[in-house]
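Look at the ligand and its surroundings first, then turn to one residue of the protein. The text below follows that order.

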Amino acid sequence: MNLIFLGPPGAGKGTHAVRLSQQLGIPQISTGDMLRSHVREQTDLGIEAKKYMDAGELVPDDVIIGMVKMRLQDADCKNGYIFDGFPRTVAQAEALDAFADIDAVLNLIVSDEVIIDRLSGRRVCPQCNGTFHLRYLENKELCPVCGNKLVQRKDDLPETVLNRLDVYRRQTQPLIAYYDQKGLLRNADGEGSVDDNYNGVLQALDIQ
Ligand code: AMP
């Protein structure tokens with residue numbers, strides 16, 4: 001099954017994509033995680049991408065498309081995959097059409113208010129990639145999974161969050177109509193509890 005998870009930043013795409021990837025035994029492909037690993041390793045791509053990421057802007061399409069095309073050649077993608085955060089522009093979606101067959105696009109629906117609350121309270125673990133909300137952390141400093149020091153992503157700072165929402169509206173939201181016209185779009189609620197939302201995702205995708 002080749003899936004795309006669509007939705008604004010903070011909608012829960014990563015959380016549900018990781019869980020579904022474990023359930024189905026297919027990889028979750030997060031272009032954001034791939035870019036952050038390039039930034040950490042200070043590759044040419046990472047150095048180029050960092051300026052866009054820190055500002056909450058999108059990394060240029062050709063960089064992303066090349067990166068994804070290469071990733072799909074890995075052996076673990078042969079039985080399917082879940083895109084998380086890709087495509088993010090119509091140009092990326094059109095490019096993807098030329099080298100992949102997508103079975104369904106899951107669109108998570110969340111209001112701006114909820115997104116702003118989630119992103120401003122989000123803390124991530126650079127070691128295990130875990131994502132947590134300050135509200136639910138007993139120890140606000142340390143990863144409850146691996147004990148590493150938690151950090152706030154630079155692009156989760158309040159002024160950048162507003163820009164990311166604006167970028168989402170202008171550049172990514174048109175993909176909802178794009179995939180609806182292809183008959184691939186499935187909608188799910190992203191505002192309830194993680195478990196309720198995940199069940200909604202499974203239902204929307206007809207997965208038992
Ligand atoms: P994410 O972790 O998906 O929120 O992505 C973090 C940042 O990486 C975004 O704000 C963009 O700067 C960049 N990024 C991730 N995926 C893409 C994409 N498909 N196209 C362009 N930029 C991306």
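Helices (H or I, at least four residues) and strands (E, at least two) are DSSP runs, numbered from the N terminus. The model is predicted, so local features need pLDDT of at least 70 and side-chain atom pairs count only at pLDDT 80 or more, while totals for chains, interfaces and linings use all residues. Residues are numbered from 1 along each chain as its sequence is written, and side-chain values use heavy atoms, with hydrogens and water left out.

Helix α2 (residues 31-41) contributes the most to the shell around the ligand, namely four residues. Of the 16 residues around the ligand (a heavy atom within 4 Å of it), the nearest are Thr-31, Arg-36, Glu-57, Gly-85 and Gln-92. By type, the shell holds six nonpolar, four polar and six charged residues; Ala, Val, Leu, Ile, Met, Phe, Trp, Tyr, Cys and Pro count as nonpolar, Asp, Glu, Lys and Arg as charged, and the others, Gly among them, as polar.

Pairs of N or O atoms within 3.5 Å count as polar contacts; within protein, one atom must be able to donate a hydrogen and the other to accept it, and residues adjacent in sequence count only if both atoms are side-chain atoms. An oxygen atom of the ligand lies 2.6 Å from a backbone N or O atom of Glu-57. The side chain of Gln-92 has an N or O atom 2.9 Å from a nitrogen atom of the ligand.

Asn-2 belongs to strand β1 (residues 2-6). The side chain of Asn-2 reaches the backbone oxygen of Asp-101 at 2.8 Å.
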